[in-house]
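Trainee: I would like to learn how to read a few features of a model like this one. Could we take them one at a time?

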Amino acid sequence: MSNDSFLGMFAKSPFSSLQEHMDVGKRAAIELQNFLNSAKKSDWDAASQYRQKIIELEHAADGIKNKIRSNLPKFLFMSVSREDLLDLVYAMDGIPNTAKDISGIMIGRHMEIPEQVSDQFISFSNAVIKASEQASAAIEKVDEIQKSGFGSRDAVLLQELVAELEQLEQEDDELEAALRNDFFLIEKGFPPVDVMFFYDIINRIGSLADISQTVGHILIRLVSK
Amino acid sequence: MVEVLSEHGHVLLILGCIFGFFMAWGIGANDVANAMGTSVGSRALTVAQAILVACIFEFAGAYLAGGEVTSTIRKGIIDASVIEETPELLVFGMLAALLSAGIWLLIASYFGWPVSTTHSIVGAIVGFAAVGIDVDVVYWPKVASIVASWVVSPVMAGTISFLLFTSVKKLILQKEDPFMCAKRYVPFYMLLAGFVVAMVTFLKGLKHVGLSFTAIESIAWSLVFGLIIALLGTLLLQRVDNEIKEKNGTMFDGVEKIFAILMVFTACAMAFAHGSNDVANAIGPLAAIVSVVQSGGEIAAKSVVPPWILMVGAAGIVLGLATLGFRVMITVGRAITELTPSRGFAAELAAAGTVVIASGTGLPISTTHTLVGAVLGVGLARGIGAINLGVVGKIILSWIVTLPVGAGLSILFFFAFKGFFA
């Protein structure tokens with residue numbers, strides 16, 4: 001009996017791998033939170049340990065991503081659109097990647113977080129990480145939706161989750177704007193290159209929230225088909 | 001020419017029995033795994049349980065409801081009136097058909113090709129008759145309706161499974177408390193499974209046992225049977241409740257456990273349906289041989305299929321299961337499918353219903369292809385994560401390829417037998 005037998009028609013469902021990938025992404029975001037806290041205290045030993053974990057998680061995420069992609073040949077007949085699925089994987093993969101980039105830049109430069117805005121910086125990044133946790137919750141919901149056969153009741157629940165996600169992203173935007181504003185007032189007191197990189201980091205952290213929001217939007221598209 | 005029959009009658013009969021048994025054995029060894037694969041793959045049954053269910057219900061299906069399709073294979077494809085002068089040709093041809101279909105099944109099993117026994121036997125019969133004897137010997141309208149049923153049956157199974165799974169979604173999966181809803185509605189699906197199987201049996205299958213029912217009696221008895229099944233199922237479902245409470249499982253885990261119980265019932269129906277349709281592939285030709293030889297050359301189109309022949313087929317299938325089928329099943333059991341019981345049951349019930357109805361109307365269809373259609377139906381209802389259409393394509397291709405191969409082999413054997421005996 002080879003794979004050509006009747007049971008060969010049941011291909012691997014992509015949903016469990018999606019959750020697996022998102023879970024790794026969420027863990028990378030949480031490690032980034034730990035990393036930023038250590039960076040705030042200029043504890044670079046602890047920070048590089050967290051950085052190491054982020055790198056490992058990013059590798060793991062790449063592995064899962066490739067597994068999902070290689071299990072998606074064109075001749076699959078799926079309960080969701082293949083294009084949406086690939087878009088989703090691409091978007092989700094941005095979370096561990098961005099976490100890795102942020103930690104890489106900061107550790108490379110031993111980047112000090114300006115004292116005056118450091119609490120603000122941490123609460124901003126905490127809020128962003130909350131958004132990625134919300135995205136992860138939305139993916140779990142999709143798994144349930146799939147188990148129930150894509151009912152409209154579940155789709156409404158997902159929409160609620162994503163609406164909350166949008167709310168979080170908006171709050172993150174406001175926090176980001178406030179942080180930029182406050183730092184702008186004191187930026188003259190710092191070396192210009194450091195200032196540039198600090199803005200860059202703020203930007204990248206903000207993009208994490210955008211990614212989470214994108215994940216939510218693709219999920220709605222995925223479910224509605 | 002008819003002396004051939006009186007001279008070699010016993011040899012031909014024995015050969016027919018051996019080839020028929022060989023074919024039935026092949027069906028049991030290989031084909032049954034497809035029928036039971038969905039149950040085993042979705043973990044509703046263990047391999048051992050599946051074999052037990054298959055043994056009992058394949059036998060029951062073959063013996064109780066296998067008569068109609070057997071008659072079709074025996075005398076529906078070939079126009080008996082054309083070859084009344086040369087009945088021995090029919091015997092040679094049926095022997096050739098059995099042998100070629102059996103060998104083809106063996107080759108295909110070895111390479112893991114998903115061939116259909118139904119298609120190989122029909123191809124083989126049409127082949128020896130049209131090429132070996134005369135094109136006019138084949139009763140083409142019947143062949144056309146059989147081929148049409150090969151297209152209709154997967155479509156019908158797909159439509160039914162689509163509707164079944166959609167009803168499961170609406171009635172159970174998308175409700176506030178799917179577990180309670182499952183407990184409430186699953187017995188109705190059990191009733192449906194019991195009813196369909198019983199209906200075909202009562203209407204068509206019990207004549208040779210000496211029982212005959214009118215349509216209304218059949219409906220009444222089938223309803224009673226279905227109700228008994230549903231009651232039995234309800235009792236089993238009570239037990240699931242307690243187990244779940246103890247284990248404190250999540251919402252859909254409990255729901256799937258309930259459907260797993262339902263799937264035990266649909267697996268029985270599936271095995272019954274498979275037995276009722278596929279046993280004919282082995283014993284239809286045998287029945288033709290027996291009736292010609294025993295009547296001393298008369299192509300008796302009237303007589304019913306003797307029960308002992310059905311028995312030979314049923315026993316052959318069970319023996320095939322016991323000797324080799326279990327190994328195939330273990331392979332199937334290892335293949336982890338992402339088919340959950342709430343989906344698997346819909347596919348199985350739709351396929352079993354379609355096959356058993358075809359059995360009642362005497363149409364030889366492919367169980368595997370019907371099941372493929374049913375699975376696609378669930379897929380269309382967004383029930384299955386991913387279906388590999390490449391494999392589906394290969395299965396469809398195999399049924400197209402099987403026809404000329406079966407025909408070619410049987411033409412070859414036909415002339416060999418003819419040269420040897422005549």
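Trainee: Is Gly93(B) buried or exposed?

Mentor: The test is a count of neighbours: a residue is buried if 20 or more other C-beta atoms lie within 10 Å of its own. Gly93(B) has 29 of them, so it is buried. Keep in mind that this is a predicted model.

Trainee: Where does Gly93(B) lie, and which residues is it in contact with beyond its neighbours within four places in sequence?

Mentor: Gly93(B) sits in helix H4 of chain B, residues 87–111. Its contacts outside that window are Phe128(B), Ala129(B), Gly132(B), Ile133(B) and Phe414(B). Phe414(B) is 321 residues away along the chain, yet the two C-alpha atoms are separated by 5.3 Å.

Trainee: How is a positive phi read in chain A, for instance at His110(A) and Phe150(A)?

Mentor: Note the residue type, then the location and the burial. His110(A) has phi near 45°, a positive value in a residue other than glycine, and it belongs to the loop between helix H3 (82–108) and H4 of chain A. Phe150(A) has phi near 60°, again positive and again not a glycine, and it belongs to the loop between H4 and H5 of chain A.

Trainee: Why does His110(A) count as exposed, and why does Phe150(A) count as buried?

Mentor: The cut-off for exposed is 12 or fewer neighbours. His110(A) has 10 C-beta neighbours inside 10 Å, so it counts as exposed. Phe150(A) has 22 inside 10 Å and therefore counts as buried. Ser42(A), just after H1(A), also takes a positive phi, about 55°.

Trainee: How is the length of a helix checked, say for helix H1 of chain A?

Mentor: Compare the expected span with the distance between the end C-alpha atoms. At 1.5 Å a residue, the 26 residues of H1(A), 15–40, should span 38 Å, and the ends are 38 Å apart, which agrees. For helix H6 of chain B, residues 140–173, the 34 residues should span 50 Å; the end C-alpha atoms are 47 Å apart, which agrees too.

Trainee: Where does H6(B) bend?

Mentor: The bend is at Trp150(B), by about 25°, and Pro154(B) follows within four residues.

Trainee: What is the overall make-up of chain A?

Mentor: Chain A has six helices and one strand, in the order α-α-β-α-α-α-α from the N terminus. Its C-alpha atoms fill a box of roughly 70 × 35 × 25 Å along the principal axes. Of its 225 residues, 44% count as buried.

Trainee: How many residues does each chain bring to the contact between A and B?

Mentor: Chain A gives 28 residues and chain B gives 37. On the chain A side, strand E1 (76–78), helix H4 (118–147) and helix H5 (152–186) each supply at least two residues. The largest share, three residues, comes from E1(A). By type, that side divides into 13 nonpolar, ten polar and five charged residues.

Trainee: In which sense do E1(A) and strand E1 of chain B pair?

Mentor: E1(A) and E1(B), residues 386–388, pair in the antiparallel sense over three bridges. Leu76(A) stands opposite Asn388(B) in E1(B).

Trainee: What confidence does the predictor report?

Mentor: The complex has an ipTM of 0.85 and a pTM of 0.89. Chain B averages a pLDDT of 86, with 93% of the residues at 70 or above. Among the elements of chain B, H6(B) has the highest mean pLDDT, 94, and helix H8 (residues 215–247) the lowest, 81.

Note on methods:
Residues are numbered from 1 along each chain as its sequence is written. Chains are lettered from A and ligands numbered from 1 in the order in which they are written. This is a predicted model: local features need pLDDT of at least 70, side-chain atom pairs count only at pLDDT 80 or more; totals for chains, interfaces and linings use all residues. Two residues are in contact if their C-beta atoms, placed from the backbone, lie within 7 Å. Ala, Val, Leu, Ile, Met, Phe, Trp, Tyr, Cys and Pro count as nonpolar, Asp, Glu, Lys and Arg as charged, and the others, Gly among them, as polar. Two strands pair if DSSP finds at least two bridges between them. The expected span of a helix is 1.5 Å times one less than its number of residues. The bend at a residue is the angle between axes fitted to the seven residues ending there and the seven starting there. pLDDT is the predictor's confidence in each residue, from 0 to 100.
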